[in-house]
Amino acid sequence: MASFKPTKIPIYPKLGEKVTPDTLYWKNYKAPVQIKEFGAVTSIDFSPLAPHNYAVTASTRIHIYGPFSQEPVKTFTRFKDTAYSGKFRSDGQLLVAGCEDSVVRLFDVSGKVALRVFKGHTKGVHVTDFTSDCYHILTGSDDYTCRLWDIPNSTELTSYKEHTDYIRCGTTSKLNRDIFITGSYDHTLRVFDARVEKSVMTMDHSQPVESVLLYPSEGLLVSAGGRYVKVWDLLKGGQPLVSLKNHHKTVTCLGLSGNGQRLLSASLDRHVKVYNTTNYKVVHNFDYAASILSLALAPDDESVVVGMTNGVLSIKHRKSPEEKQEVAGKQRRRPVYRIFVKGRNYVPKKDDFLVSKPVKSHLAKYDKQLKRFNISKALDTALESWRKNRKPEITVAVMKELDRRGTLNNALAGRDEQNLSQLLNFLIGNVVDPRFTPVLVTATEMILDIYKAVVGQSSVVDRQLVRLQELVEREIDYQQDLLEVLGMLDTLFASSLPRKEVPCPGSSRPNGLAEGGLGAPGPQLQAA
């Protein structure tokens with residue numbers, strides 16, 4: 001008697017994550033290093049000079065960390081209240097920061113005491129930045145004003161009060177010392193020129209603006225507020241180009257990769273999205289444990305630093321080529337597999353006694369029922385909730401085996417309302433799946449033939465039969481529409497292909513007439 005053969009479960013290809021160059025590039029980071037700060041991390045800024053230290057603004061202090069240090073190399077604590085927006089100057093020698101006490105402080109990176117103190121705002125200062133000539137400072141405050149300050153004289157140069165709500169973000173032009181941009185909770189972005197008394201351009205973001213960013217060419221401006229990230233063309237008078245809505249909570253900060261070809265946005269939904277600046281599609285995603293308030297990238301994307309609301313600073317460093325090779329080498333070494341197959345390829349010699357050990361086959365529960373010819377119980381086992389939801393191919397494979405044996409009709413018959421409802425629910429969820437349609441259509445026809453006499457006796461079963469009917473009719477309509485579209489495409493392809501003239505056999509002309517035939521003068525014979 002032949003041994004029982006287990007049911008063969010087909011393996012379908014999995015639609016996994018598509019591996020792209022962006023996936024490989026942005027996944028090439030080590031495990032994050034986490035540092036606990038004294039409060040929520042509101043600002044991160046990298047020094048433009050090597051070794052590219054970065055300033056972290058949290059609570060009432062600013063910490064400066066080295067590229068690979070887990071302890072601050074410098075700390076500024078001369079703040080009476082919460083500090084905001086610690087920014088380096090382009091030469092990396094000075095650092096400016098605002099404070100909730102409305103005072104702006106300027107520090108020497110190598111010193112401890114503030115070099116300059118700028119007083120004039122009446123509420124907290126959340127925005128600070130240096131102009132491109134390194135001699136002026138831009139500030140924005142909750143008193144609705146943005147101001148320019150002169151560093152050598154510690155005096156206020158000009159003040160603008162055009163916003164009608166808190167100013168929470170701003171940036172200066174790196175190409176023109178007089179141009180700067182501010183974003184406010186009044187939903188507007190304003191472009192200012194220090195040589196003019198009023199703003200020269202206004203854009204409506206339609207949400208409270210949390211962050212602004214200028215492209216290196218400064219022809220495009222990016223703003224973040226609410227769930228939206230918007231791109232504006234400054235060369236066309238602030239015309240909106242793109243509106244992105246990939247986050248489901250407020251977007252708090254923006255970043256740009258070292259080559260300027262990837263835009264990053266971070267949000268309170270704990271995600272960092274990476275966009276391709278050509279088509280603005282999301283090419284990668286980072287997940288974090290808490291809501292994100294600040295984001296910064298080191299030059300050449302060597303590090304990604306994120307500050308969160310729970311006071312945790314997360315730093316991801318890029319792997320070096322040596323570490324990549326080391327990881328690859330570890331992945332290639334698999335001693336467990338080598339031990340598992342040890343001795344399997346041993347060939348016995350001529351005088352050896354071979355003792356064979358029968359291999360015990362472990363059958364699944366449904367296979368045990370099939371082996372005992374309990375066809376209804378085998379189908380019930382295959383229809384268990386966890387199996388039909390996670391691996392419907394097992395249920396379909398059991399139905400196919402029962403159909404091959406000619407016992408599927410008997411397995412489907414004799415079911416009560418609960419079992420029949422469970423079976424119809426499985427059919428509704430999988431009958432239009434192209435992988436399972438050939439088997440499930442046969443099972444559906446059998447069910448309709450068996451239970452057509454009792455239709456109308458159960459409202460639950462009747463509703464499921466109506467749903468199944470609507471589902472099949474909708475799928476038939478889809479297929480008919482697809483066939484029409486396919487016919488249209490065939491016509492378009494046929495009309496777009498170049499026409500080729502096929503001459504008839506024995507003829508050198510495309511119309512089939514030989515030279516000298518009807519309607520065409522023959523060649524003139526020349527006298528010798």
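In this predicted model, a good place to start is strand β8, residues 104-108, which runs antiparallel to strand β9, residues 114-118, and is joined to β9 by four bridges. The two strands are also linked along the chain, since a hairpin of five residues leads from β8 to β9. To see the pairing at the level of single residues, one can look at Leu106, which stands opposite Arg116 in β9.

Strands of a sheet pair through backbone hydrogen bonds, and the pairing may be either parallel or antiparallel. Further along the chain, an open sheet is built from four strands, which follow one another in the order β14-β15-β16-β17 with antiparallel pairing. At its edges lie β14, covering 167-172, and β17, covering 199-204, each of which pairs on one side only. From one strand to the next, the twist of this sheet averages 20°.

Within the sheet, the reader may follow the contact between β17 and strand β16, the latter formed by residues 188-193, where five bridges hold the two strands in the antiparallel sense. One of the residue pairs to look for here is Phe192 with Ser199, the latter being its bridge partner in β17.

From the strands, the path turns to a helix and to the surface. Helix α11 spans residues 459-496, and Glu484 has its place in this helix. Glu484 also belongs to a patch of negative charge on the surface, where it gathers with Glu470, Glu473, Asp477 and Asp481.

Technical notes
Residues are numbered from 1 along each chain as its sequence is written. This is a predicted model: local features need pLDDT of at least 70, side-chain atom pairs count only at pLDDT 80 or more; totals for chains, interfaces and linings use all residues. Side-chain values use heavy atoms; hydrogens and water are left out. Patches are made of residues with over 30% relative accessible area and no salt bridge: like charges are joined within 9 Å, nonpolar side chains (Val, Leu, Ile, Met, Phe, Trp, Tyr) within 5 Å. Accessible areas come from the Shrake-Rupley method with a 1.4 Å probe; for residues, only the protein chains shown count as cover. A salt bridge is a side-chain nitrogen of Lys or Arg within 4 Å of a carboxyl oxygen of Asp or Glu. Lys and Arg count as positive and Asp and Glu as negative; His and the chain ends are not counted. The place of a charge is taken as NZ of Lys, CZ of Arg, CG of Asp or CD of Glu. Two strands pair if DSSP finds at least two bridges between them. Axes are lines fitted to C-alpha atoms, for helices over the stretch in contact, and angles run from 0 to 180 degrees between N-to-C directions.
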